[in-house]
Amino acid sequence: MIYLLDEELRKAGRDPFLVAYALAEAGRVVVTNEVSKRTQRLGSSKLPDVCSDLKVDCINDLKLYRKLNFNLNP
């Protein structure tokens, strides 16, 4: 098992854990407002790009609201 120090965790961010959680079980979806931006720089990938590479479903919050039939009208 690998343990990260606080500084390493802060540097890595929370995104890798979101993707790992989604990979752990079929049907899980990552929700983010980040916009895809392909880059060659290591460590600067956006969450939608990583999800795409790993075949994890990724949607924004508006798509989530529609999928859940969320409505503010009474």
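**Tyr-65 and Phe-70.** I looked up Tyr-65 to begin with, and in this predicted model I found Tyr-65 partly exposed, with a relative accessible area of 37%. I then turned to Phe-70, which is exposed, at a relative accessible area of 54%. When I asked how many aromatic pairs the structure holds, the search returned one. That pair is formed by Tyr-65 and Phe-70, whose rings lie 5.5 Å apart from centre to centre with 40° between the planes, and I noted the arrangement as tilted. I entered the term tilted because the angle of 40° is neither under 30 degrees, which would count as stacked, nor over 60, which would count as edge-to-face.

**Arg-28 and Tyr-21.** I next looked for a charge over a ring, and I recorded that Arg-28 lies over the face of Tyr-21, at 3.7 Å from the ring centre.

**Cys-51 and Cys-58.** I searched the whole structure for disulfides and found zero. Why is Cys-51 without a bond to Cys-58? I wrote down that the closest cysteine sulfur to that of Cys-51 belongs to Cys-58 and is 4.1 Å away, which is too far for a bond, because a disulfide needs the two sulfur atoms within 2.5 Å. Read from the other side, Cys-58 is likewise in no disulfide, and its nearest cysteine sulfur is that of Cys-51. I also checked how accessible each cysteine is: Cys-51 is buried, with a relative accessible area of 0%, whereas Cys-58 is partly exposed, with a relative accessible area of 26%.

Terms used:
Residues numbered from 1 in each chain as written. Predicted model: local features only at pLDDT ≥ 70, side-chain atom pairs only at ≥ 80, totals over all residues. Heavy atoms only, no water. Buried < 20%, exposed > 50% of the residue type's maximum accessible area, 1.4 Å probe, protein only. Phe/Tyr/Trp six-rings, centres within 6.5 Å; stacked < 30°, edge-to-face > 60°. Lys NZ or Arg CZ within 6 Å of the ring centre and 35° of its normal.
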